[in-house]
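Reader: I'm new to this one and would rather look hard at a single part than skim everything. Could you pick a spot in the interior, stay with it for a while, and then show me how it connects to the rest?

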Amino acid sequence: MSDVRVRFAPSPTGELHIGGARTALFNYLFVRRVGGTFVLRIDDTDLERSKEDYINKLMASMKWLGLEWDEGPYFQSKRMAEYNREAERLLNEGRAYRCYCTVDELAAGREAARTENKAYLYPGTCRNLSAETEDKLRSEGRKAVIRLKVPDSGATVVKDEIRGEVSFENSDLDDFIIIKSNGLPTYNFASVVDDLQLNITHIIRAEEHLSNTPRQQLCALAMGYEMPIFAHVPMILAPDRSKLSKRHGATSVEEFRDEGFLPEALINYMTLLGWSPGGDKEIFGIDESVSVFSLQKVNKTAAIYDTVKLTWMNSHYIREYDLEKLAESALPFFIRKELFQNRPAGDEFLYYKNVIKTVRERAKTLVELADASEYFYEDQFVYEEKGVKKAFMKEGVRELLLHAAGELDLMNTFSRAEAEEKFNVICENLEISAGRLIQPTRLAITGRMGGPGLFEIMELLGREKTVERLKRAAKYIEEL
RNA sequence: GGCCCCUUCGUCUAAUCGGUUAGGACACCAGCCUUUCAAGCUGGCAGCAGGGGUUCGAAUCCCCUAGGGGUCACCA
């Protein structure tokens with residue numbers, strides 16, 4: 001066990017989206033590679049927006065993806081005493097001060113700056129208040145916030161594993177708030193206190209935090225510490241190049257799961273979003289990535305996520321997955337589609353597994369898998385319109401199907417090889433090509449023009465159902 | 001608007017120290033295979049944002065421009 005410690009610190013204001021998940025993944029890859037500790041922290045200082053439901057969903061999503069953490073979850077909401085103690089210390093040491101400006105007063109200043117088209121910086125109104133003035137303001141009923149004294153010269157340099165050294169002029173920063181008037185810490189402060197107290201050694205997070213990093217570094221400096229090493233990973237953008245949000249459709253892990261994506265596929269896809277092991281390999285498991293992962297190889301460019309490639313990857317995993325596991329994963333989708341009510345048992349489960357086995361080859365998601373399985377459970381399906389024209393509305397098809405039904409009925413045993421042999425004989429005797437019989441038969445027993453090998457389907461369905469469906473189709477054609 | 005980051009096919013990406021016909025994957029197109037649909041195989045289309053330098057030689061180093069993103073809250 002190395003002493004490397006990383007943390008993933010989501011705020012529970014929504015479901016875990018693909019960007020957050022990818023950040024968690026990179027933390028995971030990095031820390032597992034070096035044998036360090038993965039800490040989960042819930043940044044819930046914003047009581048208004050944080051919801052307990054989201055906390056559970058967040059953790060469920062991480063577990064579903066296989067991103068297990070070693071320590072935590074820690075909750076910022078339970079660590080208020082720490083933040084207040086540190087803030088008090090800064091106050092006593094003269095590195096921070098109470099500010100009594102009201103929200104309205106500040107807004108006025110901001111508005112003025114805007115009309116002059118200048119950047120607004122808090123002017124430091126309360127930076128050097130006398131004890132008397134403070135008493136007076138307090139007696140007026142004014143509530144105070146605590147602001148950090150930011151040096152007005154010099155620069156703050158952020159050391160970043162991915163971007164190198166990034167320098168910010170302190171004069172561009174103002175005395176920002178570290179404790180709000182309701183006594184709660186701001187993110188920039190709480191996050192630093194926690195990272196320091198939890199002995200985090202590497203902060204791997206999204207690039208949107210880069211601009212705030214100098215503020216955090218200034219906090220650490222004021223408290224007498226140095227910040228850990230940073231790694232700001234590029235953002236994941238929606239297809240329209242904008243920041244991910246709800247209006248972009250499925251972006252949360254939960255949604256991807258519900259749409260029938262396998263966790264391994266999602267992991268594989270996210271791994272390649274902003275990182276590449278080099279070489280031509282595209283398909284690899286999380287353990288393989290762990291063994292070669294490095295922050296230096298993480299890209300600097302934001303990536304647009306593309307469900308098309310994810311879908312391709314998913315279809316690959318569906319094809320290669322362990323059948324037993326696939327059957328388990330697909331269960332909720334079959335139930336949702338009402339192909340059956342409960343988890344099938346005994347022979348029913350065997351049948352279910354065989355259905356999946358024959359159908360998995362052409363399903364890109366678990367939803368499609370259940371879709372493609374429909375006619376194995378439903379007798380009263382409708383015939384595909386295009387197929388009816390192509391396969392049913394031809395001379396002698398009805399008689400042909402009836403004839404085939406009769407022949408199949410006479411068979412003693414019924415396997416895919418035997419059925420195929422029988423069809424060959426029928427076609428030879430009638431002097432027609434195999435396709436002439438196979439096409440309408442396929443439509444008759446599945447309602448569709450595409451799908452698995454016909455004789456495979458017939459074997460699984462069994463002779464009785466096959467014959468029944470041929471007859472049903474014949475009747476249907478008659479009524480056309 | 002200030003500050004910060006970024007810029008290789010439509011998308012994800014590769015290209016040890018500058019020397020490559022700029023490679024792969026998805027998608028798309030064509031062909032092969034085939035009872036269908038897929039899968040698979042083969043081939044094709046398609047990119048170094050633009051402009052200046054430095055250099056014998058630049059996708060790679062420097063500068064400028066343009067574009068994209070982020071951030072500037074008593075949100076995280």
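Author: Let's start with helix 9, whose buried residues pack against helix 1, helix 2 (52–65), helix 8 (253–258), helix 10 (286–292), strand 12 and helix 11. Keep in mind that this is a predicted model. Helix 9 itself runs over residues 263–271, and eight of its nine residues are buried, so "mostly covered" is a fair description. The buried ones are Pro263, Ala265, Leu266, Ile267, Asn268, Tyr269, Met270 and Thr271.

Two of the packing partners are worth following, and helix 11 comes up twice. Asparagine 314 sits in helix 11, and its relative accessible area is 0%, so it counts as buried. Its side chain reaches in two directions: to the backbone nitrogen of leucine 262 at 2.8 Å, and to the backbone oxygen of lysine 364, also at 2.8 Å. If you set aside residues up to four places away in sequence, asparagine 314 touches Gly260, Phe261, Leu262, Ala265, Lys364 and Thr365. You've already met Ala265, one of the buried residues of helix 9.

Now for helix 1, the other partner. Threonine 23 lies in this helix, which spans residues 18–34. Is threonine 23 buried or exposed? Its relative accessibility is 7%, so it counts as buried. Apart from neighbours within four places in sequence, threonine 23 is in contact with Phe8, Ile204, Arg205, Ala206 and Val233. For a sense of scale, take leucine 106: it is 83 residues from threonine 23 in sequence, and their C-alpha atoms are 35 Å apart.

Back to helix 11, because there's an RNA strand to consider. Helix 11 gives the most to the surface near RNA strand B, with four residues. In total, 59 residues surround RNA strand B, and the closest are Arg163, Lys180, Asn212, Gly274 and Arg362. Of the RNA atoms that come within 4 Å of the protein, 73% belong to sugar and phosphate. The surface near the RNA splits by class into 21 nonpolar, 17 polar and 21 charged residues.

A few individual contacts make that easier to picture. Arginine 362 has a side-chain N or O atom 2.5 Å from a base nitrogen of RNA strand B. Glutamate 207 instead has a polar side-chain atom 3.0 Å from a sugar or linking oxygen of the strand. For arginine 319, the distance from a side-chain N or O atom to a sugar or linking oxygen is 3.3 Å. The elements that give two or more residues to this surface are helix 4 (103–115), strand 7 (164–169), strand 12 (303–304), helix 11 (307–320), helix 18 and helix 19 (454–461). Strand 12 and helix 11, then, both border the RNA and pack against helix 9.

Where does all this sit in the chain? Chain A is divided into domain 1 (5–70 + 236–306), domain 2 (80–233), domain 3 (321–376) and domain 4 (385–478). The centres of domain 1 and domain 4 are 49 Å apart.

For a contrast with helix 9, try helix 15 (residues 385–392), where Gly387, Val388, Ala391 and Phe392 are buried. These four cover an arc of only 105° around the axis, so they lie on the same side of the helix. The face turned away from them carries the exposed residues Glu385, Lys386, Lys389 and Lys390. On the buried side, helix 15 packs against helix 16 (397–409), helix 18 (434–446) and helix 20 (463–478).

Definitions and conventions. Residues numbered from 1 in each chain as written. Chains lettered and ligands numbered in written order. Predicted model: local features only at pLDDT ≥ 70, side-chain atom pairs only at ≥ 80, totals over all residues. Heavy atoms only, no water. Buried < 20%, exposed > 50% of the residue type's maximum accessible area, 1.4 Å probe, protein only. Arc of directions from axis to C-beta. Contact = heavy atoms within 4.5 Å. Near = heavy atom within 4 Å. Polar contact = N/O pair within 3.5 Å; in protein donor to acceptor, adjacent residues only side chain to side chain. Nonpolar A, V, L, I, M, F, W, Y, C, P; charged D, E, K, R; others polar. Domains from an automatic or database assignment.
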